[in-house]
Amino acid sequence: MSFDTKLYLILICNILLFHGVASMDYGEALTKSLLFYEAQRSGKLPPNQRVQWRGDSALNDGKGVGVNLVGGYYDAGDNVKFGFPMAYTITMLSWGVVEFGDKLEAKNELSNALDAIRWGTDYFMNAHPEPNVLYGVVGDGDSDHQCWERPEDMTTPRTAFKIDEGHPGSDLAGETAAALAAASIAFQASDSAYSQNLLNHAKQLFDFAVSHPGLYQNGIPEAGQYYVSSGYEDELLWAAAWLHRATGDSQYTDYLAKGDSGGTRNTFSWDDKYIGAQVLVAKLILEGTVSGQPWDNYKNNAEQFLCNCLQKGNSNLQKSPGGLLWFLPWGDLQYVMSSAFVLAAYSKYMDQKHASLQCIGGVVQPPELIEFVRSQVDYVLGSNPKNMSYMVGFGSSYPTEAHHRGSSIVSIKKDPTPVSCQGGYAMWYDRQAPNPNLLEGALVGGPDENDGYTDLRSNYEQAEPATATNAPLVGVLAQLA
């Protein structure tokens, strides 16, 4: 080897190291990303609980209405259980298992992923005590946000709010149907009886959502202040796509055929599921299950979004100077990760059928999609202008002041002295020091459009983690690991 060649190789290695490529351990990030869900658990913790600084909490949820609503997940840095984003979280975790279950198993994380899903699906089935009744929120957002308490100490009301025939919520029922249908596929191989139970609930909820149309925040105004839904047509298409994938039943493709595919979207999130439905329909086209119109609209719209992500479309999405897709100032990483997931899933579908993506900016092959996904994940894990990871506990530099009640207050196992509603603000929220409990694996909201980030507990737009942000990341990391 010549001196020049050696010099060139050293230079390339240094560039890779500088950009973090050589040092990214996707397997470690995958393990941590699932640990986050154990920190978010509500209810009676199981014997195999790994996040030891947490304790049992909210053990009387649902008591006032005579329904067992113990369990499920706290939404973000607060102590409320919001069913709408929780259902999206479970749908995305399940999609990750459905597409990348073999890779999760290879990394010994499949059982942890299924445990994370089951913690949500057990709760949803309890929250659905009758065909046309679904409890959608437990807790009171207003009073909860006035307090800074760990979940084990909560003194705020645990009111349960539901949708029913008189107060419908097609978006909430539809998303929960999608979650249960997707989870039924995830559990098919390991627990067929449980899978069937999930599917039965999913079918009932879909029928309820279709037969009693309405926005859930009209029935549960308390939820609308925090997670207002922009419409329910997307959730119904998304649920139909998942129910078709779970059952093969033509009634669900008939429903999709009648629906409006939603046009080209610019986000995929807890509120807007059109891209998810479009990608699942595009899969059916690639497989030859459906063809022609109206199906081509779904596929064309999905591919326009993917091309725009890749900067090869006719309306390319914004990127930060450091290369991160940028959507919104509040919790941008949720939108980045959901976009990365559909790119990863679509790459798999294309690969299986030897297809390519026809963008205005050129023809794209599956590996190019994966490289773009990798660029986004690498940015999030530390290859960015600030040289910091946005996953708590990953890498040498990461956020230490996540906006998260449980993490920011001393563990009840270390100091069982109750922390009062306002006392938590004085003693812990305003404290300019790292959180005492490591919220391992949590993705914070993320940087701003100029790659800036301020690590302050009070900076909730950037520093608050959420279950919906981590959910697509799990599948993406499994694909890369």
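**Cavities, pocket and helix packing in a predicted model**

The largest cavity is lined by Ala 39, Gln 40, Arg 54, Tyr 74, Ala 76, Gly 77, Asp 78, Asn 79, Pro 151, His 404, Arg 405 and Gly 406. The model is predicted. This cavity has a volume of about 60 Å³. Its lining divides by class into 4 nonpolar, 5 polar and 3 charged residues. The charged members are Arg 54, Asp 78 and Arg 405. In total, the structure holds 3 cavities of 30 Å³ or more.

The pocket was examined next. The largest pocket encloses about 660 Å³ of space. Its lining comprises 28 residues, and those closest to the pocket centre are Asp 75, Tyr 226, Tyr 227, Trp 330 and Glu 464. By class, 15 of the lining residues are nonpolar, 8 are polar and 5 are charged. Several helices take part in this lining. At least two residues each come from α14 (332-352), α17 (423-429), α18 (460-463) and α19 (467-480).

The UniProt record adds annotation to this region. An unreviewed entry places the feature "active site" at His 403, Asp 455 and Glu 464. These positions are spread over 62 residues of sequence, yet they cluster in space, with a largest C-alpha distance of 10.3 Å. From this set, His 403 and Glu 464 belong to the lining of the largest pocket. Glu 464 is also among the residues closest to the centre of that pocket. Asp 455 sits in the loop between α17 and α18. Both of these helices supply at least two residues of the pocket lining.

The same record describes a longer stretch. In the unreviewed entry, UniProt lists residues 26-477 for "domain: Glycoside hydrolase family". Over this range the chain is 49% helix and 4% strand. The C-alpha atoms at the two ends of the range are 6 Å apart.

Helix packing was considered for α13 and α14. Two packed helices are described by the angle between their axes and by the distance between the axes. Helix α13 covers residues 295-309, and its axis comes within 11 Å of the axis of α14. The two axes cross at roughly 115 degrees. The crossing is left-handed. On the α13 side, the contact is made by Lys 299, Glu 303, Phe 305, Leu 306 and Cys 309. These residues meet Ser 339, Val 342, Leu 343 and Tyr 346 in α14. The residues of the contact divide into 6 nonpolar, 1 polar and 2 charged. Helix α14 thus has a part in two settings: it meets α13, and it supplies at least two residues of the lining of the largest pocket.

Two backbone features were found in loops. The peptide bond from Gln 293 to Pro 294 is cis, with omega near 5 degrees. Pro 294 lies in the loop between α12 (274-286) and α13. Ala 58 is not a glycine, yet it has a positive phi of about 50 degrees. Ala 58 belongs to the loop that runs between α2 (26-39) and β1 (81-82).

Key: Residues numbered from 1 in each chain as written. Predicted model: local features only at pLDDT ≥ 70, side-chain atom pairs only at ≥ 80, totals over all residues. Heavy atoms only, no water. UniProt positions renumbered as here; feature names shortened; annotations may be inferred. 1 Å grid on protein atoms, 1.4 Å probe; cavity = no way out; pocket = protein on both sides within 12 Å on 5 of 7 lines; lining within 4 Å. Points joined across faces, edges and corners; volume = space filled by probe spheres on them. Axes fitted to C-alpha atoms, helices over the stretch in contact; angles between N-to-C directions. Left-handed = near helix turned anticlockwise from the far one by under 90°. Contact = heavy atoms within 4.5 Å.
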